[in-house]
Amino acid sequence: MGNNKAILCVDDEKIVLDSLQEQLETYFGNKFTYEIAESVDEAWEVIEDLTNDEMDLTLVISDWLMPRIKGDEFLVDVYTQYPNAITVMLTGQAD
């Protein structure tokens with residue numbers, strides 16, 4: 001568990017999440033708490049838990065192509081509620 005700063009990764013592919021989390025932990029070490037979510041709905045649950053635990057949502061990395069809500073829409077909503085959080089969108093879609 002890191003300090004009170006959290007990084008959240010959202011992707012519907014577990015292998016991508018695991019790899020991303022591993023890379024972030026390797027680079028940043030214990031400077032952050034790392035959370036993952038496999039859907040936007042799960043991400044909002046994680047964000048609510050982080051807020052309840054008085055954690056600072058520092059960075060949100062989201063895939064673009066996900067079921068129900070696309071990553072860009074999700075990140076706009078995150079920015080609206082957490083304007084100090086850095087948001088990053090990833091995609092493997094060439095179009």
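Hi everyone, let me start with one ring: Phe-28 is partly exposed, at 25% relative accessible area. Buried here means under 20% relative accessible area, exposed means over 50%, and partly exposed is in between, with a 1.4 Å probe and protein chains only. Phe-32, at 14%, counts as buried.

A quick word on what you are looking at. This is a predicted model, where local features need pLDDT of at least 70 and side-chain atom pairs count only at pLDDT 80 or more, while totals for chains, interfaces and linings use all residues. Residues are numbered from 1 along each chain as its sequence is written, and side-chain values use heavy atoms, with hydrogens and water left out.

Back to the rings. Rings of Phe, Tyr and Trp (its six-membered ring) pair if their centres lie within 6.5 Å; planes under 30 degrees apart are stacked, over 60 edge-to-face, and the rest tilted. By that rule there are 3 aromatic pairs. In one of them, Phe-28 meets Phe-32 edge-to-face, with 5.2 Å between centres and 75 degrees between planes. Another edge-to-face pair joins Trp-44 and Phe-74, at 5.4 Å and 80 degrees. That pair links distant parts of the chain, since Trp-44 sits in helix H2 (residues 40-52) and Phe-74 in helix H3 (residues 71-81), 30 residues apart. Helices (H or I, at least four residues) and strands (E, at least two) are DSSP runs, numbered from the N terminus. Is Phe-74 buried or exposed? Phe-74 is buried, at 0% relative accessibility, whereas Trp-44 is partly exposed at 23%. Ring pairs also gather Tyr-27, Phe-28 and Phe-32 into a cluster.

Now for H2 itself. Its expected span is 1.5 Å times one less than its number of residues. For the 13 residues of H2 this gives 18 Å, and the end C-alpha atoms are indeed 18 Å apart. Which residues of H2 are buried? They are Val-40, Ala-43, Val-46, Ile-47 and Leu-50. Looking down the axis of H2, these buried residues fall within an arc of 110 degrees, so they line one face of the helix; the arc is that of the directions from the helix axis to the C-beta atoms. An α-helix has 3.6 residues a turn, so residues three or four places apart point the same way. Turned away from the buried side of H2 are the exposed residues Glu-45, Glu-48 and Asn-52. What covers the buried residues includes strands S1 (5-10), S2 (33-37) and S3 (56-63), as well as H3.

Just after H2, look for Glu-54, which has a positive phi near 60 degrees. Most residues other than glycine have a negative phi. Glu-54 lies in the loop between H2 and S3 and is exposed, at 68% relative accessible area. Arg-68 also has a positive phi, about 70 degrees, without being a glycine. Arg-68 belongs to the loop between S3 and H3 and is exposed too, at 63%.

Last, the whole fold. The protein has 3 helices and 4 strands, and along the sequence they follow the pattern β-α-β-α-β-α-β. Its radius of gyration is 12 Å, close to the 12 Å that the globule rule gives for 95 residues, so the protein is as compact as a globular protein of that length. The radius is taken over C-alpha atoms, and the rule is 2.2 Å times the number of residues to the power 0.38. Buried residues make up 35% of the 95 residues. Thanks for listening!

Terms used: Contact = heavy atoms within 4.5 Å.
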